[in-house]
Amino acid sequence: MAGRKVLIVYAHQEPKSFNGSLKRVAVEELSKQGCSVMVSDLYAMQFEPRATRNDIVGCLHNSEEFNYGMETLEAYKRGGLSSDLIEEQKKVQEADLMIFQNKLALFSFTTGGSKEMYAKGSINGDIRYLLWPMQHGIMHFCGVKVLAPHICFAPEYVSEEKRKDMLIAWAQRLRTLWKEEPINCSPEWYFK
């Protein structure tokens, strides 16, 4: 959809991996649609995932006892968050769509096991339960409308032809993405 801004948050150490291919297809397909695509490559950025004192520039609100939540709130109010946090927050605020592309990895991700390994009663359990904390507890809770995840099961264990089919399916989904309805992030199945 022309003029839309898309942020891809990519977290994989190997650009030549299947995850790297998924990211590349997303950038190409969405760019063809006239979207402005930004990629935050967390590994390339050497992004610090931990919440630390380094997220705050300048003096602390309470230097006697460090409370991350309080300190970042006060830093935010006075414009004292680190530049990397401010830059990423700006990308999120400007984005019409966010795709999270990583190993556990719209959430778009790959698994190390087959689809059957992520079914109810399987060794890994129902994948919906694994995703629910992120989809509901993080994204939905923050006001983000969440689309159904795009999951490529065990790409390292399937044929090259099947991996190509997975990439084609991803490209096809990206073509109709703007017409999708968000999922129900508080489904009754979760509580049964």
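## A tour of the predicted model

Leucine 73 has a relative accessible area of 41%, so this residue counts as partly exposed. The model you have in front of you is a predicted one, and leucine 73 is a handy place to enter it. Look for this leucine in helix α2, which covers residues 68-78. From there, you can step across to histidine 61: the two residues are 12 positions apart in sequence, and their C-alpha atoms are 9.6 Å apart in space.

### The β-α-β unit

Now let us turn to the N-terminal part of the chain. Strand β1, helix α1 and strand β2 together make a β-α-β unit, and its hand is right-handed. Strand β1 runs over residues 5-11 and is mostly covered, with six of its seven residues buried. Its partner is β2, residues 36-41, and the two strands pair in the parallel sense over six bridges. If you want a spot to check this pairing by eye, go to tyrosine 10, which stands opposite aspartate 41 in β2.

Between these strands in the unit comes α1, residues 18-32. How far apart are the end C-alpha atoms of this helix? They are 21 Å apart, and that agrees with the span expected for 15 residues at 1.5 Å a residue, which is also 21 Å. The expected value comes out this way because the rise is multiplied by one less than the number of residues.

Which residues of α1 are buried? They are Phe18, Asn19, Gly20, Ser21, Leu22, Val25, Ala26, Glu29 and Leu30. The list includes the acidic Glu29 alongside side chains such as those of Leu22 and Val25. Just after the helix, glycine 34 adopts a positive phi of about 90°.

### Around histidine 12

The loop between β1 and α1 is worth a closer look, and histidine 12 is found there. Is this histidine buried or exposed? Its relative accessibility is 10%, so histidine 12 counts as buried, the cut-off for that class being under 20%.

The side chain of histidine 12 has two contacts to follow. One goes to the backbone nitrogen of glutamate 14, at 3.1 Å. The other is a polar contact of 3.3 Å with the side chain of serine 17. Serine 17 in turn has a role at the start of α1, where one of its side-chain oxygens reaches to within 3.3 Å of the backbone nitrogen of asparagine 19. Asparagine 19 itself is among the buried residues of the helix. Following these contacts leads you from the loop residue histidine 12 to serine 17, and from serine 17 on to the start of α1.

### Salt bridges

The count of salt bridges in the model comes to 10. Three of them are set out here with their N to O distances.

| Salt bridge | N to O distance |
|---|---|
| Glutamate 48 – arginine 50 | 2.8 Å |
| Lysine 91 – glutamate 87 | 3.8 Å |
| Glutamate 94 – lysine 90 | 3.9 Å |

In the glutamate 48 pair, the acidic partner is partly exposed at 31% relative accessibility, whereas arginine 50 counts as exposed at 55%.

The other two pairs take us to helix α3. Lysine 91 and glutamate 87 both lie in this helix, residues 83-94, and are four residues apart, about one turn. Glutamate 94 and lysine 90 are likewise both in α3, four residues apart, again about one turn.

How covered are these partners? Lysine 91 counts as buried, with 14% relative accessibility, while glutamate 87 is partly exposed at 46%. Glutamate 94 is partly exposed with 33%, and lysine 90 is also partly exposed, at 48%. Lysine 91 belongs to a network of salt bridges too, which links Glu87, Glu88 and Lys91.

### Cysteines

How many disulfides does the structure hold? The number is zero. Cysteine 35 shows one reason why: the closest cysteine sulfur belongs to cysteine 152 and is 20 Å away, too far for a bond. A disulfide would need the two sulfur atoms within 2.5 Å.

Burial differs along the chain for this residue type. Cysteine 35 is buried, with a relative accessible area of 8%, whereas cysteine 59 counts as exposed at 65%.

How values were computed
Residues numbered from 1 in each chain as written. Predicted model: local features only at pLDDT ≥ 70, side-chain atom pairs only at ≥ 80, totals over all residues. Heavy atoms only, no water. Buried < 20%, exposed > 50% of the residue type's maximum accessible area, 1.4 Å probe, protein only. Pairing = 2+ DSSP bridges. Right-handed = clockwise from strand over helix to strand, strands pointing away. Polar contact = N/O pair within 3.5 Å; in protein donor to acceptor, adjacent residues only side chain to side chain. Salt bridge = Lys/Arg side-chain N within 4 Å of Asp/Glu carboxyl O.
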